[in-house]
Amino acid sequence: MTNRVYNFSAGPAMLPTPVMQKIQEEFLNYQGLGVSIVEISHRLPVFREILDAAESLFRELVGLPKNYRVLFMHGGAQMQFSAVPLNLMARSTHKGSYFITGRWGTLAEKEARRYGKTEVLMDGKEFDYRQIPEYDIGRLDQDTTSYAHLTSNNTLYGTRWQTFPQTGNVPLVVDATSDILSREMNYSLFGVVYAGLQKNLGTSGTGLVIVREDLLGNALPETPKLMNYALIDEQHSIPNTINVFAVYVMRLVLEWVKEQGGVPEMEKLAEQKSGLLYEVLDQSEFYRAVAHPEHRSTTNVTFHFSHEKLLEKFLAEADKEGLFALKGHASVGGARASLYNAMPLEGVEVLAQFMKEFERKNG
Ligand code: PMP
């Protein structure tokens, strides 16, 4: 494994090196079967074992209460922008309420309009999504709201909810794509939690969906078979050919997280890593952090330069130092360092040092 760089990609993101080595080792011949994991039937017991292990490891790592189901679904995170309303709108008066704190929430709300009414409880647009604005939870009507939706961590802007709103009887749906397993969360607060696997859980294209069991069975009649939570639950996530490779990688990633000390350890590490970069930003007039200090993410650190033209130079020099994929999202500009679980502390130390040096030379 030579020539590996520190990969700050927002997603698909870096995987732990031992996980990739294991994949490489096992790829041609999975556990003596003489075939690859991507060459076997998803219906064989050997794959079922992998799926069950991935589920039980996830349950263990997050302390998932028994009354929640774990589903694997096609289509990454965005497919859930449609699956959530399709499965939950009919719980009540076909109204989904949205807390919008960035682009992903905006897209989720827009998609939900296809299937019912939506209500925007809060929108951070006026703050350019640099903070999570105040909101009036009293506006959430307990009797007429099918669900409330938020994005726990805003991958593009680098903000996150530090604590979650109390939504009473209205199930809270959380898009946790960019912070799942990087912070402790009390899942019993939530009705549904979903995440694309490509950041802290493995590879892209598949979504992990956690559903409280009393919410199953409300799907709208037009819900496609492959998006119906109750049906997927009944068929143990295999209504058709599942992405066997994604589930296999996720199991290896979860084993690695467990070996590292689990979610509390990942949380501590994320705070340490992001803390190093925020310290550089806070001491500088040269860089400008995007996110308001009270709402900073520990997994996506975003910043601009005092002169935006320095960005290209920064990225080019960073690349030469083996600091990869630091360009911010096009809609935000500037730079972004994504620090998911697989990013080692050393990588962030190198980046922090590089940033200080770059400022010294160009400030
Ligand atoms: N939600 C969040 C919070 C994300 O960060 C992303 C992708 N970066 C998505 C949704 C969309 O994920 P996907 O491409 O898997 O649909």
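**Exercise 1. Locate Leu231 and describe its surroundings: which helix holds Leu231?**

Step 1. Look along the chain to residues 229–234: they form helix H5, and Leu231 is found there. Helices here are DSSP runs (H or I, at least four residues), while strands are E runs of at least two, and both are numbered from the N terminus.

Step 2. Before going on, know your material: this is a predicted model, in which local features need pLDDT of at least 70, side-chain atom pairs count only at pLDDT 80 or more, and totals for chains, interfaces and linings use all residues. Residues are numbered from 1 along each chain as its sequence is written, and side-chain values use heavy atoms, with hydrogens and water left out.

Step 3. Now check the accessibility. Leu231 has a relative accessible area of 22%, so Leu231 is partly exposed. The classes are buried (under 20% relative accessible area), exposed (over 50%) and partly exposed (in between), with a 1.4 Å probe and protein chains only.

Step 4. Find the neighbours. If you set aside those within four places in sequence, Leu231 is in contact with Lys225 and Pro239; contact means heavy atoms within 4.5 Å. The C-alpha atom of Leu231 is also 8.4 Å from that of Gly217, and these two residues are 14 apart along the chain.

**Exercise 2. Work out how helix H1 is arranged: which residues of H1 are buried?**

Step 1. Go through residues 17–26, which make up H1: Val19, Ile23 and Glu26 are buried.

Step 2. Look down the axis of H1. The buried residues fall within an arc of 80°, so they line one face of the helix. The arc is that of the directions from the helix axis to the C-beta atoms.

Step 3. Turn to the other side of H1, where Gln24 and Glu25 are exposed.

Step 4. Ask what the buried residues pack against: the partner is helix H6 (244–260).

**Exercise 3. Explore the ligand site: which residues surround the ligand?**

Step 1. Collect residues with a heavy atom within 4 Å of the ligand. Among them are Gly76, Phe81, Trp104, Thr155, Asp175 and Lys199.

Step 2. Pick out polar contacts (pairs of N or O atoms within 3.5 Å; within protein, one must be able to donate a hydrogen and the other to accept it, and residues adjacent in sequence count only if both atoms are side-chain atoms). A side-chain N or O atom of Thr155 is 2.4 Å from an oxygen atom of the ligand. For Asp175, the partner is a nitrogen atom of the ligand, at 2.6 Å. Trp104 has a polar side-chain atom 3.4 Å from a ligand oxygen atom.

Step 3. Consider the cover: the ligand alone exposes 400 Å², of which the protein buries 84%. Such areas come from the Shrake-Rupley method with a 1.4 Å probe; for residues, only the protein chains shown count as cover.

**Exercise 4. Examine the salt bridges: how many are in the whole structure?**

Step 1. A search finds 16 salt bridges. Each is a side-chain nitrogen of Lys or Arg within 4 Å of a carboxyl oxygen of Asp or Glu.

Step 2. Take Lys258 and Glu60, whose side chains meet at 3.0 Å, N to O. This pair links distant parts of the chain, with Lys258 in helix H6 and Glu60 in helix H2 (residues 45–62), 198 residues apart. Lys258 is partly exposed at 41% relative accessibility, and Glu60 is partly exposed at 48%.

Step 3. Try Arg114 and Glu111, joined at 2.9 Å, N to O. Arg114 is exposed at 59%, whereas Glu111 is buried at 18%.
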